[in-house]
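Reader: I'm new to reading protein models, and the labels people use puzzle me. Could you walk me through how a few of them are earned?

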Amino acid sequence: VRRYKIIESTLREGEQFVGAFFNTETKIKIARALDSFGVDYIELTNPCSSPASFEDCKAIASLGLKAKILTHVRCHMDDAKRAVEAGVDGVDLVIGTSSFLRQYSHGKSMEMITKTALEVIAYLRRSVGPQPIHDWRQINCQNVEVRFSSEDSFRSDLVDLLALYKAVDNAGVDRVGIADTVGGATPRMVYDLVRTLRGVVKCDIECHFHNDTGCAVANSHTALEAGSTHIDTSVLGIGERNGITSLGAFVARMVVTAPEYTQSKYNLTELKALETLVAEAVEINIPFNNCVTGFCAFTHKAGIHAKAILANPSTYEIIDPKIFGLTRYISIASRITGWNAVKSRADQLGLTMTDDEVKEVTAKIKQMADIRPLAIDDTDSILRSFYIKKSYRTM
Ligand code: HCA
Ligand code: CU
């Protein structure tokens, strides 16, 4: 769990989000921001998708970023060749293995899948494939990392799947990947599959989780517990349908599980700017309840909570907002507030009051809050006018 790596797929899975359109400039901006955040890998859309996809892939691969640049392609010789031409550091091969995908998508049998996979891997590994083709072998792909992944792994036949992975592992891939393409896996299913796979292959294990049933982050964490090494994320979780493991939510999880590693490896204070950049690029808002960066992620409201937070924030906070360069906020604009919270707000406003006075004004705030919803400005003006009146009284 401790030394996990992030494969950041905003520029691949994220481009499959319905609202995403990234021009070259935006892609480069996002790639630089991800690199500065410290992700280990940046995965890009298949260069075969369109002429611009190829050019953008080439451009990002030549930026000289610290992160390794990957592209995600179908497990097919033409795609692999194009990927290497684009100058990437690694190629993520994928093919569907569930009966759904074999029947309704590419129509290949497991034998055909295995055969093609071994050919493509052999080509990428520069060893002689079963059918060496002159042109392909002129391209230098000596140092290209190779990952092989099955789409819809959780609805694939386990025996077939393990046999396939064993074959590609022996063929020398750097990683195998499993994908919950439809987002239906539970943490227990993830644990079992990753654990079993861990016993079958020597190489690293990457995991990719869709979030259709809200389990993407939990599944990612469980995958690490079971022996997976790499997790796929996208900024704000954007992707096909409702997306995949969100980078921010995942690092929130991991900063609690593996604080030293997570804090030393990733520039967590850049998360908010990174999310804002991507949110603007795809014209969405950061969700109100987003981990860490949602507007209320560090807002405390109930009087009992506020009192304890003021005494020791860890009482009601698992993550210190400072780690992400953020601050906590205590809301006093409600009937459930308490006088400790109100006192702290009065102090912030520079209004000196005794405890009894604070208790009196707290009662006023509660009275008002029973009548209508209050905004912070309302409570501030209740505090200010109370302060002025009491100053007259004591004059
Ligand atoms: C998709 C492909 C993929 C691939 C995941 C992987 C998935 O269906 O668009 O390469 O590991 O979710 O299966 O994103
Ligand atoms: Cu996916």
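Author: Sure, and let's start with a definition: an axis is a line fitted to C-alpha atoms, for helices over the stretch in contact, and angles run from 0 to 180 degrees between N-to-C directions. With that in hand, look at helix 8 (residues 216-225) and helix 9 (residues 247-257): their axes come within 9 Å and cross at roughly 45°. Keep in mind that this is a predicted model.

Reader: What makes helix 8 oblique to helix 9?

Author: Their axes cross at roughly 45°. Roughly parallel needs an angle under 35 degrees, and roughly perpendicular runs from 65 to 115. The angle fits neither range, so helix 8 counts as oblique to helix 9. The crossing of helix 8 past helix 9 is right-handed. On the helix 8 side, the contact is made by Val 217, Ser 220 and His 221, and on the helix 9 side by Ala 249, Phe 250, Arg 253 and Thr 257. Sorted by class, that contact has 3 nonpolar, 3 polar and 1 charged residues.

Reader: Then why is helix 7 called roughly parallel to helix 8?

Author: Helix 7 (residues 187-198) packs against helix 8 at an angle of about 30°, with the axes 8 Å apart. The limit is 35 degrees and the angle is under it, so helix 7 is roughly parallel to helix 8. Helix 7 also passes helix 8 in a right-handed crossing. Helix 7 brings Pro 187, Val 190, Tyr 191 and Val 194 to the contact, while helix 8 brings Ala 218, Asn 219, Thr 222, Ala 223 and Glu 225. In classes, that is 6 nonpolar, 2 polar and 1 charged.

Reader: How do you know whether Leu 349 is buried or exposed?

Author: Count the neighbours. Leu 349 has 12 other C-beta atoms within 10 Å. Exposed means 12 or fewer, so Leu 349 just makes it as exposed. You'll find Leu 349 in the loop between helix 13 (339-348) and helix 14 (355-371). Beyond four places in sequence, Leu 349 touches Asp 380 and Leu 383. The C-alpha atoms of Leu 349 and Arg 384 are 8.6 Å apart, with their positions 35 residues apart in sequence.

Reader: And what about Phe 288, buried or exposed?

Author: Phe 288 has 9 other C-beta atoms within 10 Å; that is within the limit of 12 or fewer, so Phe 288 is exposed. Phe 288 sits in the loop between helix 11 (271-281) and strand 9 (299-300). Leaving out neighbours within four places in sequence, Phe 288 contacts Gly 294, Phe 295 and Cys 296. Asn 340 is 52 residues away along the chain, and its C-alpha atom is 26 Å from that of Phe 288.

Reader: What makes Asp 152 buried?

Author: Buried takes 20 or more other C-beta atoms within 10 Å, and Asp 152 has 20, so Asp 152 counts as buried. Asp 152 is in the loop between strand 5 (145-151) and helix 6 (158-170).

Reader: Why would anyone point out the phi of Asp 152?

Author: Because most residues other than glycine have a negative phi. Phi of Asp 152 is positive, near 60°. Leu 236 also has a positive phi, about 60°, and is not a glycine. Leu 236 lies in the loop between strand 8 (230-233) and helix 9. With 26 other C-beta atoms within 10 Å, against a cut-off of 20, Leu 236 is buried too. Gly 87, which follows helix 3, has a positive phi near 80°.

Reader: Which residues of helix 3 are buried, and what covers them?

Author: In helix 3 (residues 77-85), the buried residues include Asp 79, Ala 80, Lys 81, Arg 82, Ala 83 and Val 84. Helix 2 (51-61), strand 3 (68-74), strand 4 (90-96) and helix 5 (110-124) are among the elements covering them. Across the protein, 44% of the 395 residues count as buried.

Reader: How do you know which parts of the model to trust?

Author: Check pLDDT, the predictor's confidence in each residue, from 0 to 100. The protein averages 94, and 96% of the residues score at least 70. Over residues 127-139, though, pLDDT stays under 50. Where pLDDT is low, the predicted coordinates should not be read in detail.

Notes: Residues numbered from 1 in each chain as written. Chains lettered and ligands numbered in written order. Predicted model: local features only at pLDDT ≥ 70, side-chain atom pairs only at ≥ 80, totals over all residues. Helix = DSSP H or I, 4+ residues; strand = E, 2+ residues; numbered from the N terminus. Contact = placed C-beta atoms within 7 Å. Parallel < 35°, antiparallel > 145°, perpendicular 65-115°, else oblique. Left-handed = near helix turned anticlockwise from the far one by under 90°. Nonpolar A, V, L, I, M, F, W, Y, C, P; charged D, E, K, R; others polar.
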